[in-house]
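Colleague: I'm new to this and would love a close look at one part of the structure. Please take me through the buried stretches slowly, and show me what lies around them.

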Amino acid sequence: MREFHIINVGVSIITNYQRSLPDGDEIKKKQLSENEFWTTKLNQPEFLNKIYNFVKEKPKERSAELNSFLRKIEGSSNQTEVYFVGTKTPINEICVRTLERFVKESGLTLYTPKEVPGYFMETTYGENRVKSFVNGISDMLDHLVKIAETKKNEGYKVYFNPTGGFKAHVVAMALAGFMSGCEVYYIHEEFNDLITFPPLFYIPKGMEIELLKKLMEKKEKYITGAEFNQLLIEFGEEMDRLNHYGLVEYELDDSNRPFRLRITNRGKVILRQLIEEKC
């Protein structure tokens, strides 16, 4: 069976590289948050080659992502495709580019979607910072669930690897795996071994499933007007609960009241799985 691995990317490559440098080296002293410096390095092919060769020499020791991924595929003869997910920062892009190059030169397939790239949550400032952060996490979660569902329908066994990366990304990555019914694995630092998570997610039941089915049957993306109001009367509590878990989504009007509703990609995936289990 073909395998598809969705891997969260952190900055372990850079931190390990910094540790390998002598104390007086300029790069060793640089903070990970110094975006202007790392942007300069991102545009220096010589530096990128140094980082790549550093990782290639001892991939498991120098990249948390490769440590877990390479262990997972050891001994496997399956066709493997890899999708790296990172943040919109220069230091993370250095790491993503290094990993992508490693995968391609190892003869594996690199997945590069056209609709949404593998970068999320660019740093923002000012009053919209928190809102942008939350929206970024939500978009990432919905996107990853959709990608997983697409690949499963194409015949792949899909894995999620949240070993590296920003804490919020790790949570979203693992949750996407649980929601889409995929295996979630990572390296446990203390055990220095692969750990596979058991399934962890809220499963809808009863009238919640009935509401999801009604929404799934609709050709329109959103349900509005009288039809929405009727659903609100019949399934008000279920609607709130499913919205809380991200299986449906409703928008609020100027008076802060729900006025239209849709089923999310996550809701579609969960509903399909429940239907299949009953068949």
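Modeller: Let's get one word straight: a residue counts as buried when its relative accessible area is under 20%, and as exposed when that area is over 50%. Also keep in mind that this is a predicted model.

With that word in hand, go to helix α6, which covers residues 64–73. Seven of its ten residues are buried, so the helix is mostly covered. Which ones are they? Going along the chain, you'll find Glu65, Leu66, Asn67, Ser68, Phe69, Leu70 and Ile73. Just after α6 comes Gly75, whose phi is positive, at about 80°.

Now try the same idea on a strand. Strand β5 runs over residues 156–161, and five of those six residues are buried, so the rest of the structure largely encloses this strand. What does β5 pair with? One partner is strand β1, residues 2–8, joined to β5 in the parallel sense over six bridges. As an example, Ile7 has Asn161 in β5 as its bridge partner. Another partner is strand β6, residues 183–188, which also runs parallel to β5, here over two bridges. There, Tyr159 stands opposite Glu183 of β6. To get from β5 to β6, the chain passes through helix α9, residues 167–179, and this β-α-β crossover is right-handed.

You can use the cut-off on cysteines too. Cys95 has a relative accessible area of 1%, so it is buried. Cys182 comes out at 11%, and that is under 20%, so this residue is buried as well. How many disulfides does the structure hold? Zero.

Helix α9 turns up again in the second largest pocket. At least two lining residues come from each of α8 (129–153), α9 and β9 (248–252). Helix α8 gives the largest share, seven residues. The lining has 17 residues in total, and Val134, Ser138, Asp139, Glu249 and Arg266 are the ones nearest the pocket's centre. Sorted by class, seven lining residues are nonpolar, five are polar and five are charged. As for volume, this pocket has about 390 Å³.

So, if you want a path to follow on screen, start at α6 with its seven buried residues, then go to β5 with its parallel partners β1 and β6, and finish at the pocket, where α9 is one of the elements supplying the lining.

Note on methods: Residues are numbered from 1 along each chain as its sequence is written. This is a predicted model: local features need pLDDT of at least 70, side-chain atom pairs count only at pLDDT 80 or more; totals for chains, interfaces and linings use all residues. Side-chain values use heavy atoms; hydrogens and water are left out. Buried means under 20% relative accessible area, exposed over 50%, partly exposed in between (1.4 Å probe, protein chains only). Helices (H or I, at least four residues) and strands (E, at least two) are DSSP runs, numbered from the N terminus. Two strands pair if DSSP finds at least two bridges between them. A crossover is right-handed if, with the strands pointing away from the viewer, the path from the first strand over the helix to the second runs clockwise. On a 1 Å grid over the protein atoms alone, a cavity is a set of points where a 1.4 Å probe fits but cannot get out, and a pocket is an open set with protein on both sides within 12 Å along at least five of seven lines; lining residues have an atom within 4 Å of a point. Grid points are joined across faces, edges and corners, and a volume is the space filled by probe spheres set on the points. Ala, Val, Leu, Ile, Met, Phe, Trp, Tyr, Cys and Pro count as nonpolar, Asp, Glu, Lys and Arg as charged, and the others, Gly among them, as polar. A disulfide is a pair of cysteine sulfur atoms within 2.5 Å.
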